[in-house]
Amino acid sequence: MQTSPTPNSILQINRQSPHYPNRLHDLYDPPGSLYIYGDIHLLKRPMIAIVGSRNASPEGLKNACLFAQALSKAGALIVSGLAKGVDSAAHRSAIGLGPNHCTAAILGTGIDVVYPRQNIELSRAISQQGVLVSELPLGSGPKAWHFPRRNRIIAALALGVVVIEAAEKSGSLITARLAADLGREVFALPGPIHSANSAGCHLLIQQGAKLTFRPDDVLEELCF
């Protein structure tokens with residue numbers, strides 16, 4: 001699961017660093033330090049998170065691509081968690097627009113470890129056209145409790161969180177609820193009423209998330 005960065009190419013910053021993202025200070029437990037691989041200056045950009053199911057449907061993956069490209073073209077930095085499914089589709093679609101479009105991946109592992117393994121090439125591409133971020137020490141593997149902590153960083157960094165397909169007990173709902181608690185905007189795409197992958201989105205909408213079916217809904221709300 002090891003990726004290409006060497007210790008000398010990885011930056012470690014603490015909360016006193018001028019590069020430390022101000023929005024993380026909104027957390028009650030902001031990371032004491034961050035490991036950074038890639039363009040650290042991107043952490044000052046306005047970000048929109050796109051999250052969703054690891055087992056997304058073809059329609060969910062299509063929507064992740066559509067939203068990631070439209071929001072990136074409007075000037076947002078797409079932030080997600082490098083997971084399978086929606087996360088990966090959002091990252092790939094953003095950087096696929098060309099060298100002027102970037103993405104930020106927040107990891108639930110050490111920055112020198114790629115999880116899932118199938119995203120090794122995507123991780124390398126993001127390090128060259130974006131930024132990888134982790135609060136975990138080098139060499140940290142994928143443990144279940146790492147991912148909710150990663151999700152709180154995604155929620156804090158973003159101006160808003162777009163949820164594209166999520167089950168009722170999805171990690172994406174954790175991200176969305178953390179975002180709402182931090183005063184960020186939460187957007188959820190509706191889907192078929194009998195689809196397990198849409199149940200989480202429908203629950204978020206019932207709880208006050210903005211029902212969203214086009215990227216302009218997000219851009220208009222966030223004043224892009």
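This report walks through some helices, salt bridges and ring contacts of the structure above, which is a predicted model.

## Helix α4 and its neighbours

A good place to begin is helix α4, which spans residues 146-157 and includes Ala 156. Is Ala 156 buried or exposed? Ala 156 is buried, because its relative accessible area is 0%, and the cut-off for buried is under 20%. If you set aside neighbours within four places in sequence, the residues in contact with Ala 156 are Arg 23, Leu 24, Leu 27, Leu 182 and Arg 184. Phe 187 sits 31 residues from Ala 156 along the chain, and the C-alpha atoms of the two are separated by 15 Å.

Asn 151 also has its place in helix α4. With a relative accessible area of 5%, Asn 151 is buried. Its contacts, again leaving aside neighbours within four places in sequence, are Gly 171, Ile 174, Thr 175 and Leu 178.

## Helix α5

Next comes helix α5, made of residues 171-181. Which residues of α5 are buried? They are Ser 172, Leu 173, Thr 175, Ala 176 and Ala 179. These residues lie on the same side of α5, because they cover an arc of only 155° around the axis. The buried residues of α5 pack against α4, β3 (47-52), β7 (160-164), β8 (185-188) and α6 (196-206).

Both ends of this helix are worth a look. At the N-terminal end, Ser 170 acts as a cap for α5, with a side-chain oxygen 2.9 Å from the backbone nitrogen of Ser 172. Just after α5 comes Gly 183, which takes a positive phi of about 85°.

## Salt bridges

How many salt bridges does the count come to? The count comes to 11, and the table shows some of them.

| Side-chain pair | N to O distance |
|---|---|
| Asp 29 and Arg 152 | 3.2 Å |
| Arg 124 and Glu 121 | 2.8 Å |
| Asp 217 and Arg 214 | 2.8 Å |

The pair of Asp 29 and Arg 152 links distant parts of the chain, 123 residues apart. Asp 29 belongs to the loop between β1 (11-14) and β2 (33-38), while Arg 152 belongs to helix α4. Both Asp 29 and Arg 152 are buried. They also take part in a network of salt bridges that links Asp 29, Glu 135, Arg 149 and Arg 152.

Arg 124 and Glu 121 both lie in helix α3 (residues 120-128), where they are 3 residues apart, about one turn of the helix. An α-helix has 3.6 residues a turn, so residues three or four places apart point the same way. Arg 124 is partly exposed, with a relative accessible area of 30%, whereas Glu 121 is exposed at 56%.

In the pair of Asp 217 and Arg 214, Asp 217 is buried, with a relative accessible area of 16%. Arg 214 counts as partly exposed because its relative accessibility is 33%.

## An aromatic pair and a charge over a ring

Now for the rings: the count comes to 1 aromatic pair. The rings of Tyr 115 and Phe 147 have their centres 5.9 Å apart. Why does the pair count as tilted? Its planes stand at 45°, and planes under 30 degrees apart count as stacked, over 60 as edge-to-face and the rest as tilted.

This pair, too, links distant parts of the chain: Tyr 115 is in the loop between β5 (103-106) and α3, Phe 147 is in helix α4, and they are 32 residues apart. Tyr 115 is partly exposed at 38% relative accessibility, whereas Phe 147 is buried, with a relative accessible area of 14%. Phe 147 has a charged partner as well: the charged end of Arg 54 sits over its ring, 6.0 Å from the centre.

## Pro 116

Pro 116 lies in the loop between β5 and α3. Its relative accessibility is 12%, so Pro 116 counts as buried. Not counting residues up to four places away in sequence, Pro 116 touches Leu 82, Ala 83 and Lys 84. The C-alpha atoms of Pro 116 and Ile 40 are separated by 23 Å, and the two residues are 76 residues apart along the chain.

Definitions and conventions:
Residues numbered from 1 in each chain as written. Predicted model: local features only at pLDDT ≥ 70, side-chain atom pairs only at ≥ 80, totals over all residues. Heavy atoms only, no water. Helix = DSSP H or I, 4+ residues; strand = E, 2+ residues; numbered from the N terminus. Buried < 20%, exposed > 50% of the residue type's maximum accessible area, 1.4 Å probe, protein only. Contact = heavy atoms within 4.5 Å. Arc of directions from axis to C-beta. Polar contact = N/O pair within 3.5 Å; in protein donor to acceptor, adjacent residues only side chain to side chain. Salt bridge = Lys/Arg side-chain N within 4 Å of Asp/Glu carboxyl O. Phe/Tyr/Trp six-rings, centres within 6.5 Å; stacked < 30°, edge-to-face > 60°. Lys NZ or Arg CZ within 6 Å of the ring centre and 35° of its normal.
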